Structure formats: structure tokens, C-alpha cells
Amino acid sequence: MTRTSFPWSRLGFAALVIVSLGLGWWGLALDTSHQPGRTWYDVVYHDLQLFVMGADPASGGGPLSWQLQVARFLAPATAVYALFEAARALFTGEIRRFKDRRARGHAIVVGETDAADTVTAALEAAGHRVLRTPDAAGLGGVGLTGATVLYACGDDTAEATANVLTVAEAENAVRRAGSGPDRLYAHVSDPELGVALQARHLSCAEPGVDFFTLDVIAAQALAAREVRRMVDGPGRPVARTRVAVVGSGEFAKALVVGLAREWELAGDGARLTVDLIADDAEAVAGALRARWSPVAEKIELRAAAALGAGVPGVPDVVYVCHASDGTSLRVALTATKLWHGGPGSLVLLLDGLAGLTSAFGTEASRVLDNLDGRLRTVTMRDLLADVERAEARAHADMYERIARSVHHVYLRNQLERGVGWGEVPAMVRWEDLPEDLRASNRGWVVGLPERLARMGATIAPRDGAAEVVFEGAELDKLAEAEHELWESVRVAQGWRSGPVRDDTARVHPMIGMPWSELPEANREKDRDVVRLLPEILAEFGLEVVRYEEGRVLEAAVDA
């Protein structure tokens, strides 16, 4: 037992009571020995009265033994301390609730689910204060008006819109109060509903309410971490080129997509082979190739019902991520074919069984064998906490994620054109991108609905229909709008026109230059963003749809 966990205060209080009783009994026995008819019952009774300052032999003062002198002060003091502790225990909950109602700068997590626990752990790991409430009815008691962010992570298995309604109620309360969190997130377990809600949120161009799925966010974080381990930075030698993903749930699918997207920039020409191992692997792999261009073009995705069935050889890394933690654990501990890689080659996702990760820990605390260092365990809490955030958020919102994707497309296109890493300020990973350039990408996302509206189009979930293609005069009109948006964001950041680009002085020759006078290479950059808009949105399960076909002809005529 550690010193901090030992109940020293309780032990000290018990010692004071015993000392007070002992000295009182001793002193009373000495000072009342001359009283006729006194019994030991009287001594015990008066001894107990010392705690309420009512013992007759000690009340009158006068010459008393030192034992009784000490006891008649120590016993009441002990009683007062006991009353203080009782009052504190009685009112601690009320005081805490009072402070919570008036708290500021904290995060609120609604719900009593694994998702709520995961988000809470990630926020607390980043050093943020988190207040919890089981449902929307308790929002007033956790300082809603002083919070900076709210996560609704209740159980939405029975009612898919439960968390959406919680966020809507919180938003109404914030609007009425005139203060409160400027970001409200609803966890949506149903992927199709989540994509539909994200499409409408993106079409509103109003940051605030957003929708997320933990499986997707965690898988993306794991993919980014793992590709860094494989490649160890852009342009460096590739150490591993074959991995296997065991499972076909939402996390497994998101991991395949995440690996493909990260490898697209970091692979340095090498091709990554991904073996998808599951009973329905063929169908899942086909759907992933059809939906995500990086999966179809940047990696070799092979499907098999079992490891070794049609995909010979040993993968460099195996990720075991079945929808059921129990199934994942059983596979990792019984499928001996997975044990033939090097250190850290077997990655086991444990979410609901997160407590088991310590069982595969260091030599001093390990309960289960980690296969001589081959087995690594990860949890969603670890993956969310893997990203440091200064503000109280557990994940990037929709605008941030799409802005990151826009920059991803820019990097890929520039690399294909022969532009090297670091040759211009924007040729760095998103994590190293200057804040003004990040803001420029975010501005692109926020302004997207208005630009699409000019063409009679909006954003919706992908439904398998033919993708909208922008070309000709329509393409140029949208590309010109891209240039106008870029210019407005730069001017708002303090940039000005000048003959030579100077990032330190915030001078750029393209500011104030009409579209028709831009160099063709610059106009082509803007066209690239428009051409690749369907691909950018497809990475989030979204697409461009037209709702006014006649607007296309009108745009072409205006051009």
C-alpha cells in the first residue's frame, strides 16, 4: 500500500478519540476517587461527556489532574473536528455541483458509454478538464454556458438520432443563454446516417455542430502512426511494404483507407501490399476499391478468407481488428501463423477490453506473454490521445479533416509534377504547415457550398450514381472562384501584392491579378482542385450532386 492511498486522516482521528478517552478516564478516576458512591460506570459516563463539554467533575474548574486537563480540551476539539468532517461530507457534493454549474473553459461529455469514456480519457490525457452528465437533462449542472466544447456520446443503438437531439437541445440552450460551447459534436454509430449528417453540415458552411464516428477517427490516427513507423519520414527508405488487416468491420475498412492515403505521400514510389483477411474480404475489398481511389491506385489490396489462403508469405505487420474484441484477442493468441514477424509486428486493437493492454506490458508487470515483443496492443483512447491539441477537443472537426485532405491532394499533385518536399513553404505535411496556410485550406472548405451553389450543385452522400464532372467553361468558372477565394483569405491574413513573393513580409505577386492574367501553371493548380473535388469528397463518403441542371448552361453562357 502506498503512502498516498493509506487513510492517515482516519487513523489520526481514531488515535485522537482513543487518547481523549484514555486520558479522560485516567483523570476522572484520579479526581473523583474521593466521592462517596462513585462507580466505574460514573467514570465512563463522565468520560463520554467530555466530548460535549458536559462532564460535571471537569466543568467547575479548580485543581484537576493534568490528565483531565488535557482530556477536557482534547475531547471537545476532537468532537468539533468530527462535526466539521461530517458537514464537509454532507455538503461536498452540493459544493461541487455549485462549482460545476459555474465552471468555465472545460469540456462536457454526455453519456455513459464506451465512446463517452474514450473521448473523456483522450481529453483528460491532453490536460483538459472534463465534466460528465448521463443525459441532456443534466447539461445545466455541468456548466454548459461556460464550456468550450460538448461531445454527445450517449447510447444511440436503440435511437439513432439520440446524440443528434442532445446536440440540438444544447445548441438551443446556448443560443438562449448567449454563451456556451462553440463546438458541439454528436457521435453517430450508424455510418450511413453519419455521412448524411456530415453532408448537410458541410453544406451549411457554419462551423459549430459536427458529427463523428470513433472507429474512423481512431483508424486514421493508427494509419498515420503506422506509416511513420514503416517509412520514418518522407523520402526516406521504406522499411516495410506488406501488411495484413484481419477483420472487415468499420475500423478495419477505415484502417485500409487510412493506410492507402498515408502511403500515397510517404511511400516514395514503393508499393504497399495490404492483405484483407475476413470471411467477406472479397466483397469488402471490392467496395473499398470502388469507393476510394487511393485504395484502387496507390496500394495493392488482396482479399483472403484466412491468412495464407491465396496470399502466401509473411506480412511485415498484422493488424487484428475484428468488430468483437473477444474475437480479436482469440485470433491474436491462437493463430500461430501471425507470430512469425519481427518485434512489434502483431498489432492488437482492444477497445472494450482496454484494461487488458497492461497485461501485455513491461517485463515487471506483464501477466500474459507478448510473444517476445512481437505483440503490440492499442486502444481507441490511445489513438485519440496520440494527437496533441491545445484546445479542448478530442478530434478534428469536419472542416479540419477536409482541409487536411485538400492539402493532401495538393502535395500529391506537386510531387507528381516534380516539386520536392520543402521547396516551397506549402510542401510539408499538414502537421508542419504554417497556420496561415492551414487557415487558407479551411477557408476553402467553408466557402465550398457557396461556390457549388453557383453551378446549381450541393453535397450529398455517395449513392453509386455517375460522378459530376466539371469541364470547359464551367471548370474555369469554378477555378476562377478558387483564385478569388484564395486571394480573399490571403488579404484577410495581411498579405499584399508585390513583384516578388516574400512569405516573411507576406507579399505575393498573384494577389490582385485577374484570373485571365494568371500564368497557366497557376490556373491549372486551381483547376486541379476543382477536378479533384469529387475525389476529395469521396474520401468522406460524399459527392457533388446537381439540383438545377439548367444552372450549368447559364454558367457556361455567363463565362
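A pocket here is an open set of grid points with protein on both sides within 12 Å along at least five of seven lines, and a residue lines the pocket if it has an atom within 4 Å of a point. With that in hand, let's look at this predicted model.

**The overall picture**

The protein has 559 residues, and 47% of them are buried. Its secondary structure adds up to 20 helices and 15 strands. If you take the contacts with a sequence separation of 6 or more, 71% of them link residues 24 or more positions apart. As for the outside, the accessible surface is about 27,000 Å², and carbon and sulfur atoms own 56% of that.

**The second largest pocket**

How much space lies in the second largest pocket? The answer is about 810 Å³. Its lining counts 30 residues, and those nearest the centre are Tyr410, Trp486, Arg490, Lys525 and Asp526. Sorted by character, the lining splits into 15 nonpolar residues, eight polar ones and seven charged ones.

Helices show up in the lining too: α14 (398-416), α15 (435-446), α17 (472-492) and α18 (520-531) each put in at least two residues.

**Two buried glutamates**

Helix α14 is also home to glutamate 400. A second glutamate worth a look, glutamate 262, sits in helix α9, which runs over residues 250-266. Here are their side-chain partners:

| Glutamate | Polar contact with side chain of | Distance |
|---|---|---|
| Glutamate 262 | Arginine 429 | 2.7 Å |
| Glutamate 400 | Arginine 442 | 2.7 Å |

Is glutamate 262 buried or exposed? Buried means under 20% relative accessible area, and glutamate 262 comes in at 18%, so it counts as buried. Glutamate 400 is buried as well, because its relative accessible area is 9%.

What else do these residues touch? Setting aside residues up to four places away in sequence, glutamate 262 meets Ala223, Ala224 and Val227 as well as Arg429. With neighbours within four places likewise left out, glutamate 400 is in contact with Trp430 and Arg442. Arg429 therefore turns up for glutamate 262 both in the contact list and as the side-chain polar partner of a residue that counts as buried at 18%.

Definitions and conventions: Residues are numbered from 1 along each chain as its sequence is written. This is a predicted model: local features need pLDDT of at least 70, side-chain atom pairs count only at pLDDT 80 or more; totals for chains, interfaces and linings use all residues. Side-chain values use heavy atoms; hydrogens and water are left out. On a 1 Å grid over the protein atoms alone, a cavity is a set of points where a 1.4 Å probe fits but cannot get out, and a pocket is an open set with protein on both sides within 12 Å along at least five of seven lines; lining residues have an atom within 4 Å of a point. Grid points are joined across faces, edges and corners, and a volume is the space filled by probe spheres set on the points. Helices (H or I, at least four residues) and strands (E, at least two) are DSSP runs, numbered from the N terminus. Ala, Val, Leu, Ile, Met, Phe, Trp, Tyr, Cys and Pro count as nonpolar, Asp, Glu, Lys and Arg as charged, and the others, Gly among them, as polar. Buried means under 20% relative accessible area, exposed over 50%, partly exposed in between (1.4 Å probe, protein chains only). A polar contact is a pair of N or O atoms within 3.5 Å; within protein, one must be able to donate a hydrogen and the other to accept it, and residues adjacent in sequence count only if both atoms are side-chain atoms. Contact means heavy atoms within 4.5 Å. Accessible areas come from the Shrake-Rupley method with a 1.4 Å probe; for residues, only the protein chains shown count as cover.
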